[in-house]
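Here's a friendly walk through a protein model, one piece at a time. Keep the picture open while you read.

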Amino acid sequence: MALTDEQMERYSRHIILKEVGAKGQKKLLEAKVLIIGAGGLGAPAAMYLAAAGVGTIGIADADEVDLSNLQRQIIHGTPDIGKAKVKSAAETIAQMNPDVKVNTYRTFVSSENIRELIREYDFILDGTDNFPAKFLINDACVMEKKPFSHAGIIRFKGQLMTYVPGQGPCYRCVFKNPPPKDAVPTCKQAGVIGAMGGVIGSLQAMEAIKYIIGKGELLTGVLLTYNALTMEFHKIKLPKDTHNCAVCGEHPTITELIDYEQAECDRK
Amino acid sequence: MTITVAGEKKEVKEGLTLPELILLENVETPEYVTVSVNEEFVASDKVADTVLQEGDNVEFLYFMGGGCHGVDR
């Protein structure tokens, strides 16, 4: 498939980059990225991936747009309140870039549906806010051999890492098991600066783009942390030894997905 | 002795233990933090017995949620 004149112009700032070129842009147009959670992280990630011409973007989210989302979830606007987030996100993307096909899944991910959901995608982006979902996404990606970007944000801090099968530790290598309910504060309880989703969600989009075009170094084996108050980024090198991991190790003890319980107070 | 904590060099007393450092650093939710020393994870049941050495590189890895609901609850 050759790029049309319109695409040559739309993506001209990409195509002029030696790391991208027409070849990289075609890879983007042929790529399929699934975003789980169209919220603080997923909103900016979806927008940059759509603008970049990622040809197929899947968005999974069961929620509706709430007034309290709009401080950070910039893919949704005031008229979208009450609308399904996946619908609102798909409408925004359709306006941004007609090259993008959006698949919407108005559902929560669970052990029942996630493996099938991620199977047809090249790269998965975790934009969820809670640990049951984060561990579920990790384990499913390990089992389905899918690369994914993990991220978390709270208050003035954010962090992310990238898992690529066979190229370093997974999320469970680092964090082992979800913390008990209410042991670790959530954004709803502790707050988050809206632009944090923009910083970290955009970095997740950057990881997806680099993976697709096959250029640069990914955050595999590295947890990148960001503190907005001190304006410091810090790369934490993760241990290389993953053979003991319960899911990605040599003798996994987790061979079926687990639906962990989530704190009730985060229901909304 | 000098150790590195979260990328920053710090002067600490000889024989400082990991639980003492966790207190000094005001680590949030210390029971749920993952610790690495010199790019090796310290198993949670080994934290109490870990004595730090000159030149050690300590990192604290925190649970962080954020983003959007993903699973039903």
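A residue counts as buried if 20 or more other C-beta atoms lie within 10 Å of its own, as exposed if 12 or fewer do, and as partly exposed in between, with C-beta atoms placed from the backbone. Helices (H or I, at least four residues) and strands (E, at least two) are DSSP runs, numbered from the N terminus.

A bit of housekeeping comes next. This is a predicted model, where local features need pLDDT of at least 70 and side-chain atom pairs count only at pLDDT 80 or more, while totals for chains, interfaces and linings use all residues. Residues are numbered from 1 along each chain as its sequence is written, and chains are lettered from A and ligands numbered from 1 in the order in which they are written.

**Two covered helices**

How many of the 13 residues of helix 7 of chain A are buried? The count is 12, so this helix is mostly covered. Among them are A:Phe131, A:Leu136 and A:Cys141. These buried residues pack against strand 1, helix 6 (114-119), strand 4, strand 5, strand 6 and helix 8 (171-175) of chain A. Just after helix 7 of chain A comes A:Lys145, with a positive phi near 55°.

Helix 5 of chain A has buried residues too, including A:Val86, A:Ala89 and A:Ile93. They pack against helix 4 (42-51), strand 2 and strand 3 of chain A.

You can also check helix lengths: the expected span is 1.5 Å times one less than the number of residues.

| Helix of chain A | Residues | Expected span | Distance between end C-alpha atoms |
|---|---|---|---|
| Helix 5 | 12 residues | 16 Å | 16 Å |
| Helix 7 | 13 residues | 18 Å | 18 Å |

**The sheet**

Now for the strands of chain A: 8 of them form an open sheet in the order 3-2-1-4-5-6-7-8, with mixed pairing (two strands pair if DSSP finds at least two bridges between them). Strand 3 (101-105) and strand 8 (232-237) of chain A are the edges, each pairing on one side only. From one strand to the next, the twist averages 15°. Strands 1 (32-36) and 2 (56-60) of chain A pair in the parallel sense over 5 bridges, and A:Ile35 stands opposite A:Ile59.

Helix 5 (85-96) of chain A packs on this sheet, making about 175° with strand 3 of chain A. Helix 10 (194-213) of chain A lies across five named strands, including strand 1 and strand 7 (222-227), and runs at about 170° to strand 5 of chain A. Such angles run from 0 to 180 degrees between N-to-C directions, using axes fitted to C-alpha atoms, for helices over the stretch in contact.

**Cores and a contact**

A nonpolar core is a set of buried Ala, Val, Leu, Ile, Met, Phe, Trp, Tyr and Cys residues joined through C-beta atoms within 7 Å. The largest one has 80 residues, and A:Val33, A:Ala46, A:Leu49 and A:Ile57 touch the most other members. Helix 10 of chain A gives the largest share, 9 residues. A second, separate core of 6 residues includes B:Leu21 and B:Val58.

Is A:Ser202, in helix 10 of chain A, buried or partly exposed? A:Ser202 is partly exposed, because 16 other C-beta atoms lie within 10 Å. A:Ser202 sits 155 residues from A:Met47 in sequence, yet their C-alpha atoms are 8.9 Å apart.

**Where the chains meet**

Finally, 22 residues of chain B are in contact with 44 residues of chain A, contact meaning C-beta atoms, placed from the backbone, within 7 Å. Strand 3 (34-37), strand 4 (40-42) and strand 5 (57-61) of chain B each supply at least two residues of the touching side.

Note on methods. Contact = placed C-beta atoms within 7 Å.
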